[in-house]
Amino acid sequence: MKKTPKYYYKDSHIHTTISHDGKATFVEYLQYAKERQVDEVTFTEHYDIYDGVDSKLTTLDVSHYWQEYLAETMKSDIRTNFGIEIGLRPECEHAIKLMTDSYQFDFIIGSSHITRGKDMSMDPSFFSGLTMQEAYGEYFKEVRENIDTFDDFDVYGHLDYVVRYGGYGCKRIVYRDFAKILDDILAALIKKGKGIELNTSGYRYGLGYAHPNAEILQRYHDLGGKIITIGSDAHESKYLASHFDDAYDLLEKIGFKEIAVFRRRDPVFCAIATLKNHA
């Protein structure tokens, strides 16, 4: 009788109720982790600076987050890591650096939520008057600018995040349409020793694939990229490690043999084959 593989998951992108859109507590995630064969969880609360942005949201109190993280995770037998997801904005370089220098994070995701001063998930005016090609191009230009501006991040999160919004008929980046800027982005990340995140929330948002899509992942691999983390971007415990089996299979198909988990800002590489067949 063929043995059914027991997957072991390491989820590197989790939001609790400390984030403005989180709906589960630290404890709820850690309790569910045992049922879900998750043996390592990296919490990554949102840190976005809303100066000059039309928003009612406020920037995360990182000191409070740190204190809550310690209090709620120190007794768990699930390995946890203290991470953060920073919404990178070139105009906020000094404030972001001041924050990252003040705490000992295990892992930092750099993401683009606010582009050209617009929070695209909440303010559709970012897309007003722009064709899909123009809007996606503006987004990628600022991603590229962020890579030049910031050093203190480990991976770039959900690289094709922009496809979720804008109301365009095509919700997928066709690589050939943005090949020049995407190659520039991926090459710059590789040169700086940064990785990218495979974010499985794309399935949850009805896209039918993870962020970034397989074409972009393949190009990252072909250019020599080696650092890949996997995150569910969960805001509820039921999404912890969601679609990670699909992620493992996709990465192996592309040619990746390992995923990375960051501890004390250093990547620890884990063989995908071992994770898939851990007894």
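The protein chain contains nine helices and eleven strands in this predicted model. The radius of gyration of the chain is 18 Å, close to the 19 Å that the globule rule gives for 279 residues, so the chain is as compact as a globular protein of that length. Along the principal axes, the C-alpha atoms fill a box of roughly 60 × 40 × 35 Å. Of the 279 residues, 52% are buried. The accessible surface of the chain comes to about 12500 Å², and carbon and sulfur atoms account for 49% of this area. Among contacts between residues at least 6 apart in sequence, 74% join residues at least 24 apart.

Seven of the strands form an open sheet with parallel pairing, in the order 1-2-3-4-7-8-9. Strand 1 (9–14) and strand 9 stand at the edges; each has a single partner strand, so one side of each is left without a neighbour in the sheet. Towards the strand 9 edge, strand 7 (residues 155–156) is joined to strand 8 by two bridges, and the two strands run parallel. Here V155 has G195 in strand 8 as its bridge partner. Helix 7 (residues 214–222) packs on the sheet, where it touches strand 8 and strand 9. The direction of helix 7 makes about 155 degrees with that of strand 8.

Strand 8 (residues 195–199) is in turn joined to strand 9 by four bridges, again in parallel. E197 is paired in this ladder with T229 of strand 9. In a regular strand the side chains alternate between the two faces of the sheet. In strand 9 (residues 228–231), I228 and I230 lie on one side and T229 and G231 on the other. These four residues are all buried, and both faces of strand 9 are thus covered.

Helix 8 spans residues 244–254, and F244, A247, Y248, L251 and I254 are buried in it. Seen down the axis of helix 8, the buried residues fall within an arc of 135 degrees, so they line one face of the helix. An α-helix has 3.6 residues a turn, so residues three or four places apart point the same way. The cover over the buried residues of helix 8 includes strand 1, strand 8 and strand 9. Helix 7, strand 10 and helix 9 (272–276) also contribute to this cover. Just after helix 8, G255 takes a positive phi of about 130 degrees.

Strand 10 (residues 258–263) and strand 11 (residues 266–271) run antiparallel and are joined by six bridges. One of the pairings links V261 to V268 in strand 11. The two strands form a hairpin with two residues between them. In the turn, R264 has a positive phi of about 55 degrees.

H158 lies in the loop between strand 7 and helix 5 (179–191). With a relative accessibility of 1%, H158 counts as buried, because the cut-off for a buried residue is under 20%. Leaving aside neighbours within four places in sequence, the residues in contact with H158 include the histidines H13, H113 and H211. The acidic residues E85, E197 and D233 are also in contact with H158, as are S111, Y139, R164 and N199. E197, one of these contacts, is the residue of strand 8 that has T229 in strand 9 as its bridge partner.

Technical notes:
Residues numbered from 1 in each chain as written. Predicted model: local features only at pLDDT ≥ 70, side-chain atom pairs only at ≥ 80, totals over all residues. Heavy atoms only, no water. Pairing = 2+ DSSP bridges. Buried < 20%, exposed > 50% of the residue type's maximum accessible area, 1.4 Å probe, protein only. Contact = heavy atoms within 4.5 Å. Axes fitted to C-alpha atoms, helices over the stretch in contact; angles between N-to-C directions. Arc of directions from axis to C-beta. Rg over C-alpha atoms; globule rule 2.2 N^0.38 Å. Areas by Shrake-Rupley, 256 points an atom, 1.4 Å probe, with all protein chains shown as cover.
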